[in-house]
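Me: Please take a close look at one part of this model, the open sheet of parallel strands. Then carry on from there to the rest of the fold and to the ligand.

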Amino acid sequence: MQALVLVGGEGTRLRPLTLTRPKPALPLVDRPFIRYMVDWLGRHGVSEVVMACGFRAEDLRASLGDSIPGGPTIRYVEEREPLGTAGPIRLAADEGLLGERFLVLNGDVLTDLDLTAHMRAHEERGAVASLALYPVEDPTSYGLVRRRDDGEVLGFLEKPDPSEIDTDEVNAGAYVLERSVVDLIPPGRMVSIEREIFPKLVGNGLYGLRLDGYWMDIGTPERYLQASWDILERRVQTEVADRVGESGLGIDEHADVDPSAALEGAVLVDSGAVVGANAKVGPRAVIARDAEVGEGAVVEESVLHPGCTIGEGATVRGAILGSGAEIGEGATVVPGAVVGEEARIEAGVVLEPDARVEPGGVAA
Ligand code: GDD
Ligand code: MG
């Protein structure tokens, strides 16, 4: 089976992290975010993945490569202009990359939904297009899907008005499509599959299947952090499970954790990372490769990307720190902060809540 993954969004809500690398290449726990999706596809028998990149395909390729050992091969298609959520399907098909039946995935979700059941239902129903459905509390920021009990879709409403909501099932961004859908997509321009294509398919072979499991859009700092804890605490099936114990604690054999440091709850200390004397890490934290937590520092509910350094006695709570960021001695990073790559917070500085520090920037 082939899969096309839509990864062209700009990831604006995860700035400043996405100013220096595309969202799919951002580290999530211990690997590039998009790797979870490729592993998930591989577990469901996908052998070829096409990454539909709006921009910076090379950056993504640098972090993901051209194949996963024992998993799918990966190709990259770059658009000259953004083509929306359907245009890239047309482009890839015109370039000869897609066969008679294929999967299309929104590339910004972390999920373990049962794709095998999804493909089986598509086949059994003789569908032209099948949507994975997932229940959410507030469908307004999603595509609302109305369906009959047998799965036939009765209506597709992208970003519905609160007054239009009469079901909790939304489009989870995982489609099985027959080749004939490609003919409905006009070439060479931006086309939204949700607004232009699915409405046309209602009554013409469009089906939906509600799937159980884990599903989360990681596009905001709060959800990015929650997804990190869900991975460590194994609420979602991922390959990271092999690296952590029951409580979600994982210390790489090449990490250096001082015996007097206190590690609590779901915490990963990755290869080359250092945790100094009397430091307190957790509940919930990711100390990525080669990051350093100084003596007596506190890191709680926070993610440190590779190579960050936290000075002695500094406090970091509820924050995401981009690769190579430096927090000075005794500085305080408060919840909601997102610090860009290689940025520096000087000693003793107290950041404002929800602060954003530009890549390479200095907070003094
Ligand atoms: N290649 C490419 N080119 N990809 C794009 C483009 C583009 O021009 N525009 C968006 N994408 C990618 C995004 O990177 C993302 O992975 C996916 O297409 C969906 O776009 P979003 O901008 O994230 O849409 P959304 O989250 O508001 O809504 C979509 O996802 C919901 C589920 O999370 C819709 O499909 C909804 O119906 C759905 O419920
Ligand atoms: Mg999205």
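Reply: Seven strands make up an open sheet in this predicted model. Their order is β15-β18-β21-β24-β27-β30-β32, and the pairing is parallel. The edges belong to β15 (256-257) and β32 (362-363). Each has a single partner strand, so one side of each is left without a neighbour in the sheet.

Look inside that sheet at one pair. Strand β21 (residues 292-293) runs parallel to strand β24 (residues 309-310), and two bridges join them. One residue pair to find on screen is Val-293 with its bridge partner in β24, Ile-310.

Another open sheet is built from five strands. Read across, the order is β16-β19-β22-β25-β28, again with parallel pairing. Here β16 (262-263) and β28 (332-333) stand at the edges. Each of these two pairs with a single strand, so one side of each has no neighbour in the sheet.

Within the five-stranded sheet, follow β19. Strand β19 (residues 280-281) is joined to strand β22 (residues 298-300) by two bridges, and the two run parallel. Lys-280 has Val-298 as its bridge partner in β22.

The loops on both sides of β19 deserve a stop. Before the strand, the loop between β18 (274-275) and β19 holds Asn-278. Asn-278 is not a glycine, yet its phi is positive, at about 60°. After the strand, the loop between β19 and β20 (285-287) contains Pro-283. The peptide bond from Gly-282 to Pro-283 is cis, with omega near -5°. Both features go against the usual pattern, because most residues other than glycine have a negative phi, and most peptide bonds are trans.

A cis bond is also found towards the start of the chain. It joins Arg-15 and Pro-16, with omega at about 5°. Pro-16 sits in the loop between β1 (2-6) and α1 (17-20).

Now for an antiparallel pair. Strand β9 (residues 143-147) and strand β10 (residues 153-158) run antiparallel, joined by five bridges. Val-145 has Phe-156 as its bridge partner in β10. The two strands form a hairpin, with five residues between them. In the turn, Gly-151 has a positive phi of about 100°.

Residue 158 closes β10, and Glu-158 takes us to the ligand. A polar side-chain atom of Glu-158 lies 2.7 Å from an oxygen atom of ligand 1. The side chain of Glu-79 also takes part: one of its N or O atoms is 2.5 Å from a nitrogen atom of ligand 1. Leu-83 contributes through its backbone, where a polar atom is 3.3 Å from an oxygen atom of the ligand. On its own, ligand 1 has 740 Å² of accessible area, and the protein covers 84% of it.

Which residues come nearest to ligand 1? They are Gly-9, Glu-79, Glu-158, Asn-171 and Glu-194, out of 24 residues around the ligand. By type, the shell divides into nine nonpolar, nine polar and six charged residues. The space that ligand 1 takes is the largest pocket. Two elements give two or more residues each to the shell: β11 (169-178) and β13 (215-217).

How values were computed
Residues are numbered from 1 along each chain as its sequence is written. Chains are lettered from A and ligands numbered from 1 in the order in which they are written. This is a predicted model: local features need pLDDT of at least 70, side-chain atom pairs count only at pLDDT 80 or more; totals for chains, interfaces and linings use all residues. Side-chain values use heavy atoms; hydrogens and water are left out. A residue is near a molecule or strand if one of its heavy atoms lies within 4 Å of it. A polar contact is a pair of N or O atoms within 3.5 Å; within protein, one must be able to donate a hydrogen and the other to accept it, and residues adjacent in sequence count only if both atoms are side-chain atoms. Accessible areas come from the Shrake-Rupley method with a 1.4 Å probe; for residues, only the protein chains shown count as cover. On a 1 Å grid over the protein atoms alone, a cavity is a set of points where a 1.4 Å probe fits but cannot get out, and a pocket is an open set with protein on both sides within 12 Å along at least five of seven lines; lining residues have an atom within 4 Å of a point. A molecule sits in a cavity or pocket if more than half of its atoms lie within 2 Å of its grid points. Helices (H or I, at least four residues) and strands (E, at least two) are DSSP runs, numbered from the N terminus. Ala, Val, Leu, Ile, Met, Phe, Trp, Tyr, Cys and Pro count as nonpolar, Asp, Glu, Lys and Arg as charged, and the others, Gly among them, as polar. Two strands pair if DSSP finds at least two bridges between them.
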